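Colleague: I would like a close look at a single part of this structure. Please take me through the aromatic pairs and the sheet around them.

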Amino acid sequence: MLVQMMGRPSSRRRSLAEPFTFVDGETQPLPGIRCLPTPGHVPYHQSVLVESGGERVCFLADLVPTSAHLPLPWIMGYDLEPLVTLESKRRLYARAEAEGWLLFFEHDPAVVAGRLGRDGKAFALVDPLLAG
């Protein structure tokens, strides 16, 4: 069936002739949008930082998929390089805390976002934005 479908023209299928731009390291593909390398889940994982009107929101993707994964050692069991994930979280948290980013949890059904704060030595969410 897959072979049959591949032979049919599809308006949804992308042409291989369309240009792609591969990025290496932190980069700004468009004004106000910055790609941040956050490897660990997979080697070339990226989080996306959006800046507008003096505010910053970071889409964490699979680096910190839910608010439950906020503590540094809470890493998904299927991350390819968990020690690299830990270092990526440390680097990102330092910037997020210093610059007051709003952290967005794409995979959390209850907590949409929140700012990073401290609970003693551990990181915690300040004023979490709840779903619903």
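Modeller: What follows covers the sheet, then its last strand, then the aromatic rings. The model is predicted.

The sheet is open and has seven strands in the order β1-β2-β3-β4-β5-β6-β7, with mixed pairing. Strands β1 (27-30) and β7 are the edges, each pairing on one side only. From one strand to the next the twist averages 30 degrees. Helix α2 lies across β2 (33-37), β3 (46-52), β4, β5, β6 and β7, and runs at about 90 degrees to β6.

At the β7 edge, the partner is strand β6 (residues 111-119), and the two pair in the antiparallel sense over seven bridges. Strands of a sheet pair through backbone hydrogen bonds, either parallel or antiparallel. One of the bridges here joins R118 to F123 in β7. V126 also lies in strand β7. Its C-alpha atom is separated by 5.2 Å from that of R115, although V126 and R115 are eleven residues apart along the chain. Setting aside neighbours within four places in sequence, V126 is in contact with G114, R115, L116 and G117. V126 counts as partly exposed because its relative accessibility is 38%, which falls between the 20% limit for buried and the 50% limit for exposed.

Now the rings. The count comes to two aromatic pairs. F59 and F104 form a tilted pair, with 4.8 Å centre to centre and 50 degrees between the planes. This pair links distant parts of the chain: F59 is in strand β4 (residues 55-59) and F104 is in strand β5 (residues 102-104), 45 residues apart. F59 has a relative accessible area of 28%, so F59 is partly exposed. F104, with a relative accessible area of 25%, is partly exposed.

The other pair is Y93 with F123, whose ring centres are 4.9 Å apart; the planes stand at 70 degrees, so the pair is edge-to-face. Here too the pair links distant parts of the chain, with Y93 in helix α2 (residues 82-99) and F123 in strand β7 (residues 122-130), 30 residues apart. Y93 is buried because its relative accessible area is 0%. F123 counts as buried at 15% relative accessibility.

F123 therefore appears twice in this account: F123 is the bridge partner of R118, and the ring of F123 makes an edge-to-face pair with that of Y93.

Terms used: Residues numbered from 1 in each chain as written. Predicted model: local features only at pLDDT ≥ 70, side-chain atom pairs only at ≥ 80, totals over all residues. Heavy atoms only, no water. Phe/Tyr/Trp six-rings, centres within 6.5 Å; stacked < 30°, edge-to-face > 60°. Helix = DSSP H or I, 4+ residues; strand = E, 2+ residues; numbered from the N terminus. Buried < 20%, exposed > 50% of the residue type's maximum accessible area, 1.4 Å probe, protein only. Contact = heavy atoms within 4.5 Å. Pairing = 2+ DSSP bridges. Axes fitted to C-alpha atoms, helices over the stretch in contact; angles between N-to-C directions.
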